[in-house]
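Visitor: I'm new to looking at protein structures. Could you walk me through this one?

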Amino acid sequence: MGQFEGGDMSKIPRVILFVVIFALMAMFLVSQNTNASIIGKVSDEETGDGIKDVVITATEMKTNGQMIRTSNKKGKFRFVTVPPGGYRITFEHEGYETKTMICAISAEQTVSLKPELKKKTAEEEIKQSGL
């Protein structure tokens, strides 16, 4: 008795204990989230309407690592799981002047940005097109 095919039953409780401890450690590590979020809405400076398809680049200033998102049809955007640090956030869209914002993000913080973009003048459009 106490034997099963291929081994000793006394090893089973140790295996179960190991699995339970491993699962608890994994849950603890997952709950120790130190990441932050950057959310916001990009709007037209004159009308206040959200601007679709704005390219938003978040550059971590210490490492130059980049994350890129695009605003939705209401101008909203979201960066999740952002490591804490200092960031340069750039907002670019054809027909609008590029806007840059600087922000510092702490662990588990959510930073909300509301940039307003200014439409380019006809003169600026001509300069950029090279005419």
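Here is a short chat about the strands, charges and surface of this predicted model.

Visitor: Let's start with the strands. In which sense do β5 and β8 pair?

Guide: Strand β5 covers residues 55-60, and β8 covers residues 85-92. If you look at V55, you'll find E92 of β8 standing opposite. Over 6 bridges, the sense of the pairing is antiparallel.

Visitor: Okay, and β8 pairs with β9 too. How many bridges are there?

Guide: Strand β9 takes in residues 99-105, and its pairing with β8 is antiparallel. As an example, G86 has A104 in β9 as its bridge partner. The count of bridges between β8 and β9 is 7.

Visitor: Which residue in the turn of that hairpin has a positive phi?

Guide: The hairpin is made by β8 and β9, with 6 residues between them. One residue in the turn has a phi of about 90°, and that's G95.

Visitor: Now for charges. Which residue forms a salt bridge with D44?

Guide: The salt bridge count here comes to 1. The pair links distant parts of the chain, 75 residues apart: D44 is in strand β4, and its partner is in the loop between β11 and α2. The closest N and O atoms are 3.8 Å apart, which falls within the 4 Å cut-off. The partner of D44 is K119.

Visitor: Is D44 buried or exposed?

Guide: Its partner K119 counts as partly exposed, at 40% relative accessibility. D44 has a relative accessible area of 3%. Buried means under 20%, so D44 is buried.

Visitor: There's a positive patch on the surface as well. Is its member K74 buried or exposed?

Guide: The patch is formed by K41, K52, K73, K74, K76 and K114. K74 lies in the loop between β6 and β7. Because its relative accessibility is 52% and the cut-off is over 50%, K74 counts as exposed.

Visitor: What about nonpolar residues: what area does the patch of V15, F18 and V19 have?

Guide: To find the patch, start from V15, which sits in helix α1, residues 11-31. Together with F18 and V19, V15 makes a nonpolar surface patch. Its area is about 310 Å².

Visitor: One last thing! How far apart in space are N35 and S106?

Guide: N35 is in the loop between α1 and β3, and it's partly exposed at 24% relative accessible area. In sequence, N35 and S106 are 71 residues apart. In space, C-alpha to C-alpha, the distance is 8.1 Å.

Notes:
Residues are numbered from 1 along each chain as its sequence is written. This is a predicted model: local features need pLDDT of at least 70, side-chain atom pairs count only at pLDDT 80 or more; totals for chains, interfaces and linings use all residues. Side-chain values use heavy atoms; hydrogens and water are left out. Two strands pair if DSSP finds at least two bridges between them. Helices (H or I, at least four residues) and strands (E, at least two) are DSSP runs, numbered from the N terminus. Patches are made of residues with over 30% relative accessible area and no salt bridge: like charges are joined within 9 Å, nonpolar side chains (Val, Leu, Ile, Met, Phe, Trp, Tyr) within 5 Å. Accessible areas come from the Shrake-Rupley method with a 1.4 Å probe; for residues, only the protein chains shown count as cover. A salt bridge is a side-chain nitrogen of Lys or Arg within 4 Å of a carboxyl oxygen of Asp or Glu. Lys and Arg count as positive and Asp and Glu as negative; His and the chain ends are not counted. The place of a charge is taken as NZ of Lys, CZ of Arg, CG of Asp or CD of Glu. Buried means under 20% relative accessible area, exposed over 50%, partly exposed in between (1.4 Å probe, protein chains only).
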